[in-house]
Amino acid sequence: MFKYLLVAALVPALSLAQSLFPRQCPNGASMPAYMEINGCTTSPCTIPIGDPIAAYAKGIVSPIDTQTLTPSLAIRLLGLEIPFPIPESLQDACTAGTDPGTCPVSAGQVFDYILYYEDEPFPISGVTVEVEVGLKGDDGSYITCVAFDVYIQS
């Protein structure tokens, strides 16, 4: 009887876990206290092809001291990573995306970050892709990272 109760309790929890938005990246980096991507609250997030990616992270807590913040963006389709260069104008998150004076960042410092990617981010439509958005410190380690699914609407 106990086994059935355990299964009955776990099934809804597992289905809820699969729909979390956003979710922690596989690299285990911490998540911000609040995250909004193109106004989405569920997964997959529907973004019409040609629309920009607007990601707002609030309450990022840095686990390390770092002089720099470098954004990372990965897109995967069916488990394969699609090359995705970040424009030069967005490669320094200390000057593009954080409040003036945020950098250098100290361990334990709390800050916010906005990524606004205006170039056409998705060259295909009618598919769901996994997107990871993160920030790396000057040693290459992740400060924060979130993953979410995007349905690219034509």
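I began with strands 2 and 4, which pair in the antiparallel sense over four bridges. For a single residue pair I looked up Glu36, whose bridge partner in strand 4 is Tyr56. This is a predicted model, and I read every entry here with that in mind.

Next I looked up the sheet around this pair. Strands 2, 4 and 7 form an open sheet in the order 2-4-7, with antiparallel pairing. I noted that strand 2 (34-37) and strand 7 stand at the edges with a single partner strand each, so one side of each has no neighbour in the sheet. From one strand to the next, the twist averages 5 degrees.

I then checked confidence. The protein chain has a mean pLDDT of 84, and 85% of its residues reach 70 or more. Which elements have the lowest and the highest mean pLDDT? I found helix 1 (residues 2-18) lowest at 34 and strand 9 (residues 142-153) highest at 94. Over residues 1-19 pLDDT stays under 50, and the model has one contact beyond four places in sequence for that stretch.

Last, I searched for enclosed space. I found one cavity of 30 Å³ or more. The largest cavity has a volume of about 80 Å³. It is lined by 13 residues, and the closest to its centre are Met35, Ala57, Tyr113, Val133 and Thr144. Strand 4 (53-61), strand 7 (110-117), strand 8 (127-136) and strand 9 each give two or more residues to this lining. By class I recorded 11 nonpolar, two polar and no charged residues in the lining of the largest cavity.

How values were computed:
Residues numbered from 1 in each chain as written. Predicted model: local features only at pLDDT ≥ 70, side-chain atom pairs only at ≥ 80, totals over all residues. Heavy atoms only, no water. pLDDT = per-residue confidence, 0-100. Contact = heavy atoms within 4.5 Å. 1 Å grid on protein atoms, 1.4 Å probe; cavity = no way out; pocket = protein on both sides within 12 Å on 5 of 7 lines; lining within 4 Å. Points joined across faces, edges and corners; volume = space filled by probe spheres on them. Nonpolar A, V, L, I, M, F, W, Y, C, P; charged D, E, K, R; others polar. Pairing = 2+ DSSP bridges. Axes fitted to C-alpha atoms, helices over the stretch in contact; angles between N-to-C directions.
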